[in-house]
2 protein chains.
Amino acid sequence: MKGNSTLKYIAQQMGISVSTVSRALNEKSVVKEETRKKVQEMAKKYGYVPNEVARSLQKSSTETIAVVLPDISETFFARIVKGLENVMMQHGYMIILADTRERADKESQYIEMLYRRRVDALVLATVDCSGASATPFLESGTPVVFIDNIPDIVSADVITVDNIAASKVATKYLLSAGHRKIAVILGSKTETTGIERLEGYRQALYASGEEVDEELIEYGDYKMESGYEAMKRLLEKRRETAFSAVYVTSEKMTYGAIRAIREAGLTIPGDLSLVGFDIHNLMDDRPQMITTVCQPEEAIGKKVGELLLDRLKNEENGQKGIKMRLSPFIYEGDTVKRIHETESKYC
Amino acid sequence: MKGNSTLKYIAQQMGISVSTVSRALNEKSVVKEETRKKVQEMAKKYGYVPNEVARSLQKSSTETIAVVLPDISETFFARIVKGLENVMMQHGYMIILADTRERADKESQYIEMLYRRRVDALVLATVDCSGASATPFLESGTPVVFIDNIPDIVSADVITVDNIAASKVATKYLLSAGHRKIAVILGSKTETTGIERLEGYRQALYASGEEVDEELIEYGDYKMESGYEAMKRLLEKRRETAFSAVYVTSEKMTYGAIRAIREAGLTIPGDLSLVGFDIHNLMDDRPQMITTVCQPEEAIGKKVGELLLDRLKNEENGQKGIKMRLSPFIYEGDTVKRIHETESKYC
DNA sequence: TATAATAATACAAACGTTTGCAAAAGGCGA
DNA sequence: TCGCCTTTTGCAAACGTTTGTATTATTATA
C-alpha cells in the first residue's frame, strides 16, 4: 500500500473529507490542531507523497523553467545553468534542460514541446538570431529571457556579458603591452556576440589612435577547427600585416589558434602575444598562464534566475525589453580584474 | 482567445463532444475523416496546444526523467547529460536537471522533490556511497540508474566507465615506456571510482611483476587543489621513492599536479612522465599533448538512456542489478585507442 | 435555554485530459 | 420498411489536487 496513497485514500481511511486532509497537510488554512496531528500521522503511515502533477494542473503553474541551449557540454553554458539552477531551486523551481546541438529546427521543436508542458518560463540561448523560435512563449506572455546572443526582437529580455567591454579590455591589455598591430579572430559576422566583440576591439583601437586594419580581422564559427584555420590565414599574411599579437574570441577557437601558432614553429608569448576568451580550464588551473577574458557565467545564471523570479511573482508577465550586461573578468597570470559594472536597464 | 484554448473550448465551439475532439487530434481511434479535418482546422484556428500536465495526470506518466549529479559544470557530467538527453528526446522524454553541489543533504532533498513531481525515472551520480538518497524511487519501483559511483545497494542498476581497465591501460602505458616506479594520485578511498582505479593500477603492476610501493599512492579529493597537494607530497619523498612517472586519476587533480611539478622546477615529460584522466579540453585541442585516459561520456549517457527506455517500455520496472562498464579511451599524442568492450551484465 | 457568533469540517466544482461503454447514426440485405 | 451490423459520436468517470461555499459542531452571550 506504499507509494500510491492519495489524499482521497487517507480521507477514506480516516472517515473524513478530502479537503480537510488537504488543508491539514498544507498548513495553510484553519484545521483543528488535533485533526492536523492525526492526518499527519496517517500521511506518514501510508507513505503519502503529494502529487505535483495534480497540483500543477489545479494551480496552472508547474514550478518548472526550461533552459534551451546549443551545447551543454560547453562549460560556458553549463556554468550558467548551474548558477540559474541554484537560485531557482531555492525557490522550489526545477530546471528542464534541452540541448539543441546548435540546430534551429530542434530548437523550435523543443520549445514547442516545452510549451506543451506548461513550463513557467523559458531561458533561451538561441542559434536563430531572429528569436522566432520563442514565439509560443512570447505570444502567450510566458516569461522568456535570452542569454548569450541577443535576438532581433526589440522587446525581449536579455542578460549577457558585456561583450564590448570584454573586447575593449582584451585589446587594451595588448596595447598597453606595447603591441600596435593586433589581429582578432571572431566567431560570427551576424550574431551579436561576434558583432559586439568586434565593436569593442574597434573602440579600443580608436581610443588609442590606432588604425583598424581590416586584414587583421578573421572569422571562424566558434569551433576549434575554425580557430585553427583563421589563425593560419592570419599567419599567411603576416609578412604584409606584421601583427605581433592576436585576440581570439572564444575558448575553442583559442585552442585551435594555439595549435596553428605552434605548428608554424612560433611560441607564445615569445613570437606572438595572445589573449583568449573564456579559457576555463586553463584559467582555473592555468598550466600555461594564458591571458584570457572570461564571462561571469554563474553570475549570469543567477541574474537570470532573479529576473525570472521577479517576473513570476508579479503576475504582470510579458517582456519588458530589459537588457542587462554583466561585467567580464580578465585573468592575466595571477591577477584577476573585474572590469566594470554595467547593468544597464532600458525600458 | 489565444493560448488558453482547451479541448472543451473547441468542442463547445463546434457543438460536438470533448471526447471526439480528443480522439480526432490524437489520430489514435476511429473518427470520421471529415470530422477530424474540421477539428484540426479549429484546433489550429484557436491556437490549441495540448496540456501535457493534464495528460500526465491522466496517464500517470510525465515523460520526464530526472538527472541528479554533483556538478554540471564538470565536463564529464555535462557530456553524459548530453548523450542521455539526446536519446531521451528522440522518444519524447525530457530531462530535469538537479545539481547537488556535492552535498548529500541537497541530494536527498532534490530527489524527494523529483519524486513528488512523478518523474518516470532517476539517473543519479550520488555523493553518498550508500545510495540511500534514492529510496523514494527504489521503494516505489521507479527505475533508477546510477552512474559514476557504484552505490552499496547490490540490486542497483549501474552504468560507468570500466575504471579498472582505465587504470590498467594508463599504468601499462607508463610501464611500456620503461618506467618502473610509478606514482598514483587517487580521488577517494571510499568511493568505487577511487577503489577501482587503484585496483587497475595494482593489477597492471602485478602483471608485469612490479612491486606496489604504498609510498607511491597518494589521495586527494578529485579537486584541483588536492591534486596539487598530493603531488607536492609525492615530490617531497621522491628521493626515497625515486619514481619517474605519475598517474593522476582526475582532470582537475591533473591540473593541480602539473602546477606542483612546474613549481618544483621539473618538466613533463623531461623529468617526469604523466598520464592524466579525462583531460577534455587538452584532449580535443591538446596544446600540450598530455597523455590521458578518457571516459566515453556521451556513450555512457546513451547507454543509460537505452536502458531506461527499455525499463520504461516493459512495465516490469524495478532494479535488475545490471552493471555495465563501458570501455575507456587513451589519448596518446594523436593516437586514440578504444581499450576494450566490457559490457558485463550480471543478474 | 435559546441564539448568535465562531470554529471546524464537508461538499462539490474545477483544472484538462483520456478512455470504457453506451447511444446514435448510417448502411445494407431481406 | 424493418432489423441487424458497423461506424461514428457522446456520456461520464477518472487521474489527484485546490478552493469557494455550505453545512455542521462548538462555544460564548444574553
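How many nonpolar, polar and charged residues does the surface near DNA strand C have? By class there are ten nonpolar, twelve polar and six charged residues, where Ala, Val, Leu, Ile, Met, Phe, Trp, Tyr, Cys and Pro count as nonpolar, Asp, Glu, Lys and Arg as charged, and the others, Gly among them, as polar.

This is a predicted model, in which local features need pLDDT of at least 70 and side-chain atom pairs count only at pLDDT 80 or more, while totals for chains, interfaces and linings use all residues. Residues are numbered from 1 along each chain as its sequence is written, chains are lettered from A and ligands numbered from 1 in the order in which they are written, and side-chain values use heavy atoms, with hydrogens and water left out.

DNA strand C is surrounded by 28 residues, and the closest are A:Ser17, A:Arg23, A:Thr35, B:Ser22 and B:Arg55; a residue is near a strand if one of its heavy atoms lies within 4 Å of it. Of the atoms of DNA strand C that come within 4 Å of the protein, 62% are accounted for by sugar and phosphate. Several polar contacts can be named here, a polar contact being a pair of N or O atoms within 3.5 Å; within protein, one must be able to donate a hydrogen and the other to accept it, and residues adjacent in sequence count only if both atoms are side-chain atoms. A polar backbone atom of A:Ser17 is 2.8 Å from a phosphate oxygen of DNA strand C. For A:Arg23, a polar side-chain atom lies 2.6 Å from a base nitrogen of that strand. From chain B, a polar backbone atom of Asn51 is 3.2 Å from a phosphate oxygen of DNA strand C. The elements giving two or more residues to this surface are H2 and H4 of chain A, together with helix H1 (7–14), H2 and H4 of chain B. Helices (H or I, at least four residues) and strands (E, at least two) are DSSP runs, numbered from the N terminus.

The other strand, DNA strand D, has 27 residues around it, with A:Ser22, A:Arg23, A:Arg55, B:Arg23 and B:Thr35 the closest. Sugar or phosphate supplies 62% of the atoms of DNA strand D within 4 Å of the protein, and bases supply the rest. On the base side, an N or O atom in the side chain of B:Arg23 is 2.4 Å from a base oxygen of DNA strand D. A polar backbone atom of A:Ala54 is 3.5 Å from a base nitrogen of DNA strand D. On the phosphate side, B:Thr20 places a polar side-chain atom 2.8 Å from a phosphate oxygen of DNA strand D. At least two residues of this surface come from each of helix H1 (7–14), helix H2 (18–25) and helix H4 (52–59) of chain A, and from each of helix H2 (18–25) and helix H4 (52–59) of chain B. By class, the surface near DNA strand D divides into ten nonpolar, eleven polar and six charged residues.

The two protein chains also meet each other. Chain B and chain A each bring 61 residues to the contact, which means heavy atoms within 4.5 Å. About 5300 Å² is buried between chain B and chain A, with carbon and sulfur atoms giving 55% of that area. Buried area is the accessible area (1.4 Å probe) that two parts lose on being put together, summed over both. B:Lys82, B:Met94 and B:Arg117 supply 12% of the area that chain B buries against chain A, more than any other three residues.

Between chain B and chain A there are six salt bridges, each a side-chain nitrogen of Lys or Arg within 4 Å of a carboxyl oxygen of Asp or Glu. One of the salt bridges joins the side chains of B:Glu298 and A:Arg101 (3.1 Å, N to O). Across this interface, 26 residue pairs are in polar contact (both at pLDDT 80 or more). H5(B) gives the most to the side of chain B that touches chain A, with nine residues. That side divides into 25 nonpolar, twelve polar and 24 charged residues.

Strand S2 (residues 94–99) of chain A pairs with S2(B) in the antiparallel sense over three bridges; two strands pair if DSSP finds at least two bridges between them. The bridge partner of A:Ile96 in S2(B) is B:Ile96.

Some backbone details remain. Most residues other than glycine have a negative phi, and most peptide bonds are trans. The peptide bond from A:Ile268 to A:Pro269 is cis, with omega near 0 degrees, and A:Pro269 lies in the loop between helix H12 (251–263) and strand S9 (273–277) of chain A. In chain B, the bond from B:Ile268 to B:Pro269 is cis, with omega near 0 degrees. A:Glu63 has a positive phi, near 55 degrees, and is found in the loop between H4 and strand S1 (64–69) of chain A.
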